[in-house]
Amino acid sequence: MSFLIQRIDRKFTTLLNKLADRSANATAIMNAVARWFILVLFFFALWRLWQMPSPLPVAYLIRNLIVSYAATTTIGFFVNRKRPFEQKSDPVHLNPWIKTSSFPSGHSTMAFSIATTTAIMLAWPIELSFLLFLSAGLIAISRVIVGVHYISDVVIGSAIGFFLSFFWL
């Protein structure tokens, strides 16, 4: 069973990773999204939560990010999975200097933690909350496309960010 999951994981990762090789513009856009869009999402959430009458939503966001980061770092320390560009499958590696564990994706964890906390605290309608989660999903997928994560890394990282933030509010 584990072999089958690894095989599917590598197949989808390679498929998504090949998107980065199609055009220089697409590669540049995905690289920017993978690196910087999480900061845009964070500062947007901080700005919207700061406008609320109580300072608690901002405190909850910061707390959820700290808890999510601690969980991701701890799991990564024990799992210590190599990144796709360190494996023999030789995907396009746009960020070869990263030396931390691939599993789980910290960017995905943080993005979904931000999206979950913000959506709950602002009590937005489903349409607006969907945009937050779409942004978080774009960050997660971009990490696979640029070759620094497997698809399972971002799926588990996204679940960690969502569930920790959801249950800590």
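Start with helix α4 (106-122) in this predicted model: it supplies four residues, the largest share, to the lining of the second largest pocket. Select Ile38, Leu39, Phe42, Leu65, Gly106, His107, Met110 and Ile114 to display the lining of that pocket. α2 (24-50) also belongs in the view, as both α2 and α4 supply at least two residues of the lining. The volume of this pocket is about 190 Å³. Coloured by class, the lining shows six nonpolar residues and two polar ones, with no charged residue.

**Stay on α4: alanine 119**

Move along helix α4 to alanine 119. With a relative accessible area of 10%, alanine 119 is buried, because the limit for that class is under 20%. Add phenylalanine 133 to the selection, 14 residues away along the chain. A distance label between the two C-alpha atoms should read 8.8 Å.

**Past the end of α4: alanine 123**

Next, select alanine 123, in the loop between α4 and α5 (126-145). Its phi is positive, near 50°, and the residue is not a glycine. Is alanine 123 buried or exposed? At 61% relative accessibility, alanine 123 counts as exposed, since the cut-off is over 50%.

**The loop between α3 and α4**

Go to asparagine 80, in the loop between α3 and α4. Asparagine 80 is another residue with a positive phi without being a glycine, here about 50°. The relative accessibility of asparagine 80 is 56%, so this residue is classed as exposed.

Keep that loop on screen and select arginine 81, then aspartate 153. How many salt bridges does the structure hold? There is one, and it joins the side chains of aspartate 153 and arginine 81, with 2.7 Å from N to O. The two partners come from distant parts of the chain: arginine 81 sits in the loop between α3 (56-79) and α4, aspartate 153 in helix α6, and 72 residues separate them.

Switch to a surface coloured by accessibility and look at both partners. Aspartate 153 has a relative accessible area of 0% and is therefore buried. Arginine 81, at 21%, counts as partly exposed, because its value is not under the 20% limit for buried residues.

**Helix α6 and the nonpolar patch**

Follow helix α6 (residues 151-168) to the surface patch. Select Ile120, Phe163, Phe166, Phe167 and Trp168, which form a nonpolar patch with about 530 Å² of accessible area together. Which element gives the largest share of the patch? Helix α6 does, with four residues.

Pick out phenylalanine 166, one of the patch residues, in helix α6. The relative accessible area of phenylalanine 166 is 39%. This value lies between the 20% and 50% limits, so phenylalanine 166 is partly exposed.

**Zoom out**

Finally, show the whole chain as a cartoon. It contains six helices and zero strands, so a colouring by element from the N terminus on runs α-α-α-α-α-α. The chain has 169 residues, and 46% of them count as buried. Aspartate 153 and alanine 119 are buried residues already visited on this tour, whereas asparagine 80 and alanine 123 are exposed.

Terms used
Residues are numbered from 1 along each chain as its sequence is written. This is a predicted model: local features need pLDDT of at least 70, side-chain atom pairs count only at pLDDT 80 or more; totals for chains, interfaces and linings use all residues. Side-chain values use heavy atoms; hydrogens and water are left out. On a 1 Å grid over the protein atoms alone, a cavity is a set of points where a 1.4 Å probe fits but cannot get out, and a pocket is an open set with protein on both sides within 12 Å along at least five of seven lines; lining residues have an atom within 4 Å of a point. Grid points are joined across faces, edges and corners, and a volume is the space filled by probe spheres set on the points. Ala, Val, Leu, Ile, Met, Phe, Trp, Tyr, Cys and Pro count as nonpolar, Asp, Glu, Lys and Arg as charged, and the others, Gly among them, as polar. Patches are made of residues with over 30% relative accessible area and no salt bridge: like charges are joined within 9 Å, nonpolar side chains (Val, Leu, Ile, Met, Phe, Trp, Tyr) within 5 Å. Accessible areas come from the Shrake-Rupley method with a 1.4 Å probe; for residues, only the protein chains shown count as cover. A salt bridge is a side-chain nitrogen of Lys or Arg within 4 Å of a carboxyl oxygen of Asp or Glu. Buried means under 20% relative accessible area, exposed over 50%, partly exposed in between (1.4 Å probe, protein chains only).
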